[in-house]
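Me: Here is a model I want to go through. Please give me the terms along with the answers.

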Amino acid sequence: MAKTIMTVDDSSSVRQMVGLTLKGEGYQVVEAVDGKDALAKVGGATIDMVITDLNMPNMDGIQLIRELRKLPAFKFVPIVMLTTESQADRKQDGKDAGATGWIVKPFKPEQLIGVIKKVLG
Amino acid sequence: MEFSRDDNGDAGHLVLSGALTIQQALPLKELLLRAGGEVKNLTINLEQVERVDLTALQLLCAAHRDWIKRGKHCTLQGNIPEIFRRVVQEAGFTGCAGDGDDMRLWTGVND
Amino acid sequence: MALELDTSAFTEEAYELLSELEESLLELEETPTDMELIGRVFRAMHTIKGSGAMFGFDAVAKFTHEVETVFDKARSGTLPVTKGLIDLTLAARDQIRSILDASQGGAAADEANADRIIAGLRALSPQQEAAVAPSVAKAAASTTPAGPHVFRVRFEPKPEIFSSGTNPLLLINELRDLGSCQVVAITHGLPALEEMDPERCYTQWEIFLTTTSDENAIRDIFIFVEDDCTLNVRLLDRPDEFSHAQQEGKMLGEILLERGDINQQSLDKVLTPLGDRLVNAGLVPADKVRAALTEQRVVQDQRQQQPSKAAEVDAVVRVPSTKLDKLVNLVGELVTVQARLNQISGQLNLQHLQLVAEEIEHLTAELRDNTMSIRMLAIGSTFNKFKRLVRDLSTELGKQIELTTSGADTELDKTVIDQLNDPLVHIIRNSIDHGIEKPEQRQAVGKPPVGQIHLSAIHSGTSVLIQVRDDGKGLNPQLLRQKAVEKGILSADAVLSDHEAYQLIFAAGFSTAEKITNVSGRGVGMDVVRKSIESLRGTIDTQSTLGVGTSITLKLPLTLAIIEGLLVCVNSNHFVLPLAAVEECVELSPTDIANSHGRHIVNVRDEIVPFIRVRERFAMEGERPTIEQIVIANVDGKRVGLAFDTVVGQHQTVIKNLGDSFEYSDEFSGATILGDGSVALLLDLARMVRYVELQESSELGGS
């Protein structure tokens with residue numbers, strides 16, 4: 001059974017890159033453009049993992065992680081944030097909010113897959 | 001996941017199935033507590049288990065320990081699914097603590 | 001553990017490692033900052049120590065440990081590689097060797113020397129550096145072992161780790177990607193079912209990872225959970241962990257103690273079987289004991305595998321050389337029997353039999369060549385030993401000498417190589433001592449201050465030529481003659497060519513050194529060389545140019561076991577000569593005898609060749625035939641004839657050693673069994689010629 005991964009990013013190019021990589025690995029992909037959009041879409045399919053950007057309009061990544069962790073269905077779901085090197089403190093904020101891990105941008109598809117394997121198996 | 005008891009109340013049958021993951025950890029704990037209630041003999045069937053994670057192993061280990069302590073007789077019924085065996089092995093659960101309490105009940109194999 | 005350990009496996013490995021160690025150290029002297037070399041030196045010692053302890057060579061392990069500890073500082077960069085360190089480490093290497101030799105029945109190792117070396121090494125290393133803070137980064141940087149090592153990874157997740165979406169089992173599985181893992185779950189922290197919060201993690205792990213990766217790679221796996229767990233990564237088979245290593249590595253109790261799972265008092269309460277009793281006494285949880293036992297096992301497995309893995313790389317099978325000798329003997333027997341078969345089939349003249357006999361002949365030859373090739377070893381390892389010799393001696397004598405080699409991959413029979421070492425040592429010592437001048441003297445005559453000794457090996461037909469060439473002061477033939485006369489080795493009126501004069505250095509009791517040094521001037525030197533080379537059926541030739549240098553060339557047979565020989569007869573007695581020495585055969589007619597006026601000489605195409613009549617030499621009975629056969633051989637660069645009744649022909653000669661009954665006569669270097677079962681003696685031409693020369697020296701002078 002293919003697992004479903006939600007990618008949350010306001011950048012369409014990042015969404016596309018992530019989406020293509022994930023599909024290439026056989027995952028189902030649900031896309032959202034920001035935190036609010038993501039929260040609106042999580043009611044649909046079962047989501048096995050979330051990959052979210054941090055800096056987004058409407059609802060940023062940290063807030064999204066907090067909100068997701070409140071939902072019973074997302075209590076233990078792996079959530080990986082996309083950060084940049086200059087966001088060390090944001091990384092900590094994300095961890096505190098309940099993120100499982102992070103990927104530092106820019107990243108290569110294989111790095112992304114590596115992290116997915118690490119948190120999703 | 002279900003637990004049933006014979007009419008005379010001596011023997012209980014625990015059938016675990018589906019995903020034994022953290023999402024089901026609370027119900028699993030309740031079920032195990034119930035199974036360890038009054039019966040003297042307990043059979044456990046894992047044949048229908050599809051997924052299992054660490055939380056289930058911890059619960060099963062603690063339950064097993066508990067049952068042994070209270071003198072219950074536990075037997076395994078049916079085959080152990082490969083997935084179960086594999087996760088037990090990956091987690092390094094070769095045994096719990098104390099006499100007679102090892103994971104053979106859960107894996108059907110020595111070590 | 002009552003394992004029957006074959007200690008020869010260790011000693012063989014250790015000797016090999018010691019040669020490697022020496023090589024690496026010498027290379028390191030050239031490039032003292034080469035970390036790879038430092039690593040190699042360290043590994044060699046580490047393996048010697050580790051295996052030594054495992055095989056019960058406690059003295060080796062203990063001493064090596066001391067040396068290794070100091071060298072470890074070089075590896076971690078806290079101690080610079082200096083000449084002093086290399087000198088001491090080389091000395092330590094020799095000491096290890098003598099400890100090993102002692103265990104093999106050699107003389108006892110000099111313990112005072114060991115203490116001196118260790119004291120010297122300790123003096124080099126900085127005093128106990130400030131307690132190394134348990135800085136993760138630092139530890140990781142300095143513990144990057146090459147080759148598989150065992151790490152103990154203690155992974156203790158915080159109970160709430162699940163709420164970050166982390167699945168600890170995935171992390172453990174990721175460790176498996178680094179190498180082979182033994183995972184032991186520590187579950188004694190599990191609360192009773194009733195009290196358990198099923199969404200919390202109560203399990204901890206001890207994982208024993210055998211990997212070539214370093215600590216950083218392990219820590220990287222846990223990067224997301226750094227704050228959600230306690231992670232302790234420890235390299236287990238580190239040298240300092242085995243300071244008390246015994247045959248089985250650390251004892252269970254030691255491991256538990258060191259791990260802090262138990263204190264000494266608790267340990268003292270219980271004795272073996274430790275594990276069970278610790279558990280029964282309630283001192284240590286069962287899973288901790290299990291983890292400790294796993295640790296013990298994994299580390300042992302790893303250490304036992306190291307040598308075998310090294311062997312796999314080359315796909316080399318180690319076989320005791322005695323087995324090979326046995327095989328060579330059997331092939332020899334087969335060759336002999338095959339010769340008989342050929343003879344019989346020839347006599348019977350049955351076509352079918354002849355076909356089979358030919359096929360067997362073909363196969364036997366192939367089998368012989370293959371078997372011989374197994375015993376062939378590259379001479380390189382012998383060459384390498386001399387680097388050390390040259391280095392040490394030149395330092396001692398205040399000379400600067402560079403040793404170069406070529407043809408190190410030239411192969412020779414193992415038995416030849418084994419016996420070649422001492423003669424070469426003598427020759428090289430001689431070059432260093434008498435040949436190469438001191439730097440000042442060299443510069444005075446316009447030579448570079450650093451002298452050169454070139455050691456080369458090259459194949460030449462069925463022989464190997466080994467040459468030691470130096471660019472020293474050369475031999476003075478005039479001086480050599482004079483000395484030889486003074487010493488009574490040469491008669492005053494003897495006429496010697498320069499070339500012949502050079503060979504005088506191999507005469508017994510000949511020494512041209514002005515004073516006797518402890519390097520080569522023991523007055524026994526070079527004639528011993530000559531004897532050794534001749535016992536190998538080899539020859540020596542010396543060339544020299546005064547002021548320019550000397551070269552000494554050893555010509556050695558490829559093998560000692562089977563040679564091509566020339567079968568000859570006197571009466572019905574057979575003799576064999578090494579075919580390699582034979583140049584031609586001529587007939588000796590009564591006319592020739594008459595022309596030579598009673599002297600044993602024959603005219604071959606206007607060249608006068610002296611000959612030895614074997615019949616007379618060995619006082620054999622019977623009449624000599626009218627026409628005798630003279631086999632002309634090259635003996636020490638001279639053409640010498642040997643007169644026999646008949647020449648039978650070429651003979652594949654399986655050489656058998658002569659028993660004690662032939663002790664009195666060293667003119668025979670062996671014997672062989674002929675196809676009809678009779679025995680033929682192998683003539684040692686050089687010796688025969690020398691004996692005859694002694695008897696008739698004036699007669700044979702000048703040619």
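Reply: Start with contact: two residues are in contact if their C-beta atoms, placed from the backbone, lie within 7 Å. This is a predicted model: local features need pLDDT of at least 70, side-chain atom pairs count only at pLDDT 80 or more, and totals for chains, interfaces and linings use all residues. Residues are numbered from 1 along each chain as its sequence is written, and chains are lettered from A and ligands numbered from 1 in the order in which they are written.

Me: How many residues does the contact take from chain C and from chain B?

Reply: Chain C gives 27 residues and chain B gives 25 residues. On the side of chain C that touches chain B, helix 7 of chain C gives the most, with four residues. Helices (H or I, at least four residues) and strands (E, at least two) are DSSP runs, numbered from the N terminus.

Me: What makes residues on that side of chain C nonpolar, polar or charged?

Reply: Ala, Val, Leu, Ile, Met, Phe, Trp, Tyr, Cys and Pro count as nonpolar, Asp, Glu, Lys and Arg as charged, and the others, Gly among them, as polar. By that rule the side of chain C that touches chain B has 18 nonpolar, five polar and four charged residues.

Me: Which residues does Leu59(B) touch, leaving out those up to four places away in sequence?

Reply: Among them are Ala25(B) and Leu28(B) in chain B, and Leu193(C) and Met196(C) in chain C. Each pair counts as touching because its C-beta atoms lie within 7 Å.

Me: How many residues of chain A are in contact with chain C?

Reply: 13 residues of chain A meet ten residues of chain C. The chain A side divides into six nonpolar, four polar and three charged.
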